[in-house]
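Student: Hi! Got a few minutes to go through a structure with me?
Tutor: Sure, put it up and ask away.

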Amino acid sequence: MGEFDDFTRKLSGDHQERTADHEVREAKERDDRHAGWDRDIALLETVATPLLDEAKRACEAQGMRPVIARNWERERFTDPAVEFQLFGPKKRPLDSSTYEVQANTTVVRVEDGKLRASITKRAIGSSVGVNYVGYDEDGIKQALKHSISSFYDEIDPGKA
C-alpha cells in the first residue's frame, strides 16, 4: 500500500461521511418543508375553501363556470395555492352566438403564516383588480369580488 492508497481512502471516507450528513440534512429539510406545507394546506382548506365554495355557488347560479384549482399533491415542488378561475359566455357582436371568456383569477396562498390573495390577469379586455393584494379572510373576499367584477367587465357589450 502506497501513499496514494491512504490518501484516496481518506478522501473517499470523508466524502462518504459528508454524503451521509447531507442526506440526513436533506431529509430533515424535506420533512420540515412538508410539515409547513401541510399547515398551509390546512389553513387554506379551513379559511379559503368555504369562501371559494360560496363564490362558486353564486357564480354558477348566474350561469358562469367557476373552477377551483388546487396545486398540492404529495411530491410537490411549489408552495400550496388555490385558484378561483371563472369562465362564462360572451355574446358575439354580430349574431346571437356566444364564446367563452375567462375572468381575472384569484390566487390564494400562505405568506409568512397569513393568507394572501392576489389577482392574476387572465381576462383579455379587463384589468379589474389586477394590482390587488389582500390578506386573510377579508382580502380573499375582496379578491373574489374583483374576479367576478372582471368577468362582467369582460362581457360588457361595449367592449369588443
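Student: Where is leucine 94 found?
Tutor: Leucine 94 is in the loop between strand 2 and strand 3, the latter covering 98-102. Keep in mind that this is a predicted model.

Student: Okay. Is leucine 94 buried or exposed?
Tutor: Leucine 94 is exposed, because its relative accessible area is 84% and the cut-off for exposed is over 50%.

Student: And how are leucine 94 and alanine 27 separated, in space and along the chain?
Tutor: Their C-alpha atoms are 61 Å apart, with the two positions 67 residues apart along the chain.

Student: What does the C-alpha trace span along its principal axes?
Tutor: About 90 × 35 × 25 Å. The radius of gyration is 25 Å, whereas a compact globule of 160 residues would have one near 15 Å.

Student: Got it. How many helices and strands are there?
Tutor: Two helices and six strands. Starting at the N terminus, the order is α-β-β-β-β-β-β-α.

Student: What share of the residues counts as buried?
Tutor: Of the 160 residues in the chain, 33% are buried.

Student: Let's look at some of those. Where is threonine 105, and is it buried or exposed?
Tutor: Threonine 105 sits in strand 4. It is buried, because its relative accessible area is 1% and anything under 20% counts as buried.

Student: What does the side chain of threonine 105 make a polar contact with?
Tutor: With the side chain of glutamine 102, at 3.5 Å.

Student: Which residues does threonine 105 touch beyond its sequence neighbours?
Tutor: Leaving out residues up to four places away in sequence, the list includes Glu83, Phe84 and Gln85, then Ser118, Ile119 and Thr120, and also Ser147.

Student: Let's follow a few of those. Where does glutamine 85 lie?
Tutor: Glutamine 85 belongs to strand 2, residues 81-91. It counts as buried, since its relative accessibility is 17%. Its side chain makes a polar contact of 2.7 Å with the side chain of glutamate 83.

Student: What else is glutamine 85 in contact with?
Tutor: Outside its neighbours within four places in sequence, glutamine 85 contacts Arg65, Pro66, Val67, Ala69, Gln102 and Thr105.

Student: Next one: where is serine 118?
Tutor: Serine 118 is in strand 5. With a relative accessibility of 13%, serine 118 is buried.

Student: What does serine 118 touch?
Tutor: Not counting residues up to four places away in sequence, serine 118 touches Thr105, Thr106, Val107, Tyr132 and Val133. As for glutamate 29, it is 89 residues from serine 118 in sequence and 28 Å from it in space, C-alpha to C-alpha.

Student: And serine 147, which element is that in?
Tutor: Helix 2. Serine 147 is buried, with a relative accessible area of 0%.

Student: What does serine 147 touch from there?
Tutor: With residues up to four places away in sequence set aside, serine 147 touches Phe84, Leu86, Ala103, Asn104, Thr105, Thr106 and Ile119.

Student: New topic: backbone angles. What is unusual about the phi of aspartate 112, given that it is not a glycine?
Tutor: Its phi is positive, about 55°. Aspartate 112 lies in the loop between strand 4 (105-111) and strand 5 (114-120), and it is exposed at 78% relative accessible area.

Student: How far is aspartate 112 from serine 147?
Tutor: The two are 24 Å apart in space, C-alpha to C-alpha, and 35 residues apart in sequence.

Student: What about the phi of aspartate 136?
Tutor: That one is positive too, about 65°, and aspartate 136 is not a glycine either. Aspartate 136 lies in helix 2, which covers residues 136-154. It counts as partly exposed, because its relative accessibility is 37% and partly exposed runs between the 20% and 50% cut-offs.

Student: Last thing: charges and surface. How many positive and negative side chains does the chain have?
Tutor: There are 25 positive and 31 negative ones, and the centres of the two sets lie 6 Å apart. The chain exposes about 10,100 Å², of which carbon and sulfur atoms supply 51%.

Methods
Residues are numbered from 1 along each chain as its sequence is written. This is a predicted model: local features need pLDDT of at least 70, side-chain atom pairs count only at pLDDT 80 or more; totals for chains, interfaces and linings use all residues. Side-chain values use heavy atoms; hydrogens and water are left out. Helices (H or I, at least four residues) and strands (E, at least two) are DSSP runs, numbered from the N terminus. Buried means under 20% relative accessible area, exposed over 50%, partly exposed in between (1.4 Å probe, protein chains only). A polar contact is a pair of N or O atoms within 3.5 Å; within protein, one must be able to donate a hydrogen and the other to accept it, and residues adjacent in sequence count only if both atoms are side-chain atoms. Contact means heavy atoms within 4.5 Å. The radius of gyration is taken over C-alpha atoms; the globule rule is 2.2 Å times the number of residues to the power 0.38. Accessible areas come from the Shrake-Rupley method with a 1.4 Å probe; for residues, only the protein chains shown count as cover. Lys and Arg count as positive and Asp and Glu as negative; His and the chain ends are not counted. The place of a charge is taken as NZ of Lys, CZ of Arg, CG of Asp or CD of Glu.
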